[in-house]
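Visitor: I should like to learn how to read salt bridges and internal cavities in a protein model. Please begin with the structure itself.

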Amino acid sequence: MHLTTMPRVGEIIDGLTVGALMIDQQTGQPYALLVSPARPDDDLEWDAELEWDAANTWATSLGDGFRLPSRPEGAALYANNEQLGTAAFDPEWHWLNEQYSARGAWRQGVGRGPGGARGGHQSYGRKYNKFSARAVRRVDIVQREAI
């Protein structure tokens, strides 16, 4: 799937909310970041190699290209959070898809939530810590050529 027109943040496309408009830093390709309405039942660990449910495993289990957001995507989602309506992120820490070290991974703070989550702040958390998770998927925006 791809889009031929530029969507708006907060717009609903195929039941998913446009959470951010991004530019791929390697290719220059514009894309929309769609937020899944699914939320895990409980907070999750980050490390997919652990024997219990983990944030990465949960996000990819949704299929259709869903995954945890990258650090730039997490920052954009935080900046747009008030425009996301029912897809808005809860005021707490949310796992991102990037490792900090062998034992830590990046997380995005939203609001003033449990565990000291500070709005807009990114830091690392130990992979065995339990935080919230949201899944996103990329949809390229392909502009039609002018005639």
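Guide: Let us start with one contact: the side chains of Asp 24 and Arg 138 form a salt bridge, with N to O at 2.7 Å. The term denotes a side-chain nitrogen of Lys or Arg within 4 Å of a carboxyl oxygen of Asp or Glu. This is a predicted model, in which local features need pLDDT of at least 70 and side-chain atom pairs count only at pLDDT 80 or more, while totals for chains, interfaces and linings use all residues. Residues are numbered from 1 along each chain as its sequence is written, and side-chain values use heavy atoms, with hydrogens and water left out.

Visitor: Which parts of the chain does the pair Asp 24 and Arg 138 tie together?

Guide: Asp 24 belongs to the loop between β3 (16-23) and β4 (30-35) and Arg 138 to strand β8 (residues 136-141), so the contact ties together parts 114 residues apart in sequence. Helices (H or I, at least four residues) and strands (E, at least two) are DSSP runs, numbered from the N terminus.

Visitor: Are Asp 24 and Arg 138 buried or exposed?

Guide: Buried means under 20% relative accessible area, exposed over 50%, and partly exposed in between (1.4 Å probe, protein chains only). Asp 24 is buried at 16%, and Arg 138 is partly exposed at 32%.

Visitor: How many salt bridges are there by this rule?

Guide: The count is seven. Among them is the pair Asp 64 and Arg 137, at 2.2 Å from N to O. Asp 64 sits in the loop between α1 and α2 and Arg 137 in strand β8, so parts 73 residues apart in sequence are tied together. Asp 64 is exposed at 59% relative accessibility, whereas Arg 137 is buried at 9%. Salt bridges with shared partners also join Asp 24, Arg 138 and Asp 140 into one network.

Visitor: How is empty space found, and what lines the largest cavity?

Guide: Rolling a probe the size of a water molecule over the atoms shows where empty space is left. On a 1 Å grid over the protein atoms alone, a cavity is a set of points where a 1.4 Å probe fits but cannot get out; lining residues have an atom within 4 Å of a point. Here the search finds one cavity of 30 Å³ or more. The largest cavity has a volume of about 60 Å³, and its lining includes Pro 69, Leu 77, Phe 89 and Trp 95. Both α2 (71-79) and β5 (93-99) supply at least two lining residues each.

Technical notes:
1 Å grid on protein atoms, 1.4 Å probe; cavity = no way out; pocket = protein on both sides within 12 Å on 5 of 7 lines; lining within 4 Å. Points joined across faces, edges and corners; volume = space filled by probe spheres on them.
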